[in-house]
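Please describe the fold of this protein chain and what surrounds its largest pocket, in a form that can be read alongside the structure.

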Amino acid sequence: INNVHRGVTLVNSMGAYSKKDNQMLISVVSTAEVDKVIRLIQQIDQNAFISVTDSERIYGSFYQIPFE
C-alpha cells in the first residue's frame, strides 16, 4: 500500500463461523488504483478475501505523504 500512498487501518477480527482470530486491513483507494492494489495484495496473499465497494463521499485526508 506504500506504493499508492494510502493509509491502512488494521482491525483485529474473529471469524463468525470458524471462531479463528484474524486481522483485517481497511483502506480507501481511488477507482484508478483498485486493480493495482488488488494485484499487490494477491502477490502477498493469493487467498486474501478482498471486498471492493463504492464510496459516495470521503471526508478527511485522502492522500498520504510518502515516508522517507
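## Lining of the largest pocket

In this predicted model, the residues that line the largest pocket divide into 19 nonpolar, 12 polar and 2 charged. The space within the largest pocket comes to about 1300 Å³, and of the 33 residues that line the largest pocket, those closest to its centre are Leu-25, Ser-27, Ile-41, Ile-50 and Ser-51.

Two elements give two or more residues each to this lining, namely strand S2 (21-26) and helix H1 (34-44). Of the elements, H1 supplies the largest share of the lining, with 7 residues.

## Secondary structure

The protein chain holds 1 helix and 2 strands, and when these elements are read from the N terminus on, their order is β-β-α.

## Burial, contacts and surface

How much of the protein chain counts as buried? Of its 68 residues, 9% fall into that class, where buried stands for a relative accessible area under 20%. The surface that the protein chain exposes amounts to about 6400 Å², and carbon and sulfur atoms supply 51% of that area.

As for contacts within the protein chain, among those with a separation of 6 or more, 38% are accounted for by residues that lie 24 or more positions apart.

Conventions
Residues numbered from 1 in each chain as written. Predicted model: local features only at pLDDT ≥ 70, side-chain atom pairs only at ≥ 80, totals over all residues. Heavy atoms only, no water. 1 Å grid on protein atoms, 1.4 Å probe; cavity = no way out; pocket = protein on both sides within 12 Å on 5 of 7 lines; lining within 4 Å. Points joined across faces, edges and corners; volume = space filled by probe spheres on them. Helix = DSSP H or I, 4+ residues; strand = E, 2+ residues; numbered from the N terminus. Nonpolar A, V, L, I, M, F, W, Y, C, P; charged D, E, K, R; others polar. Buried < 20%, exposed > 50% of the residue type's maximum accessible area, 1.4 Å probe, protein only. Contact = heavy atoms within 4.5 Å. Areas by Shrake-Rupley, 256 points an atom, 1.4 Å probe, with all protein chains shown as cover.
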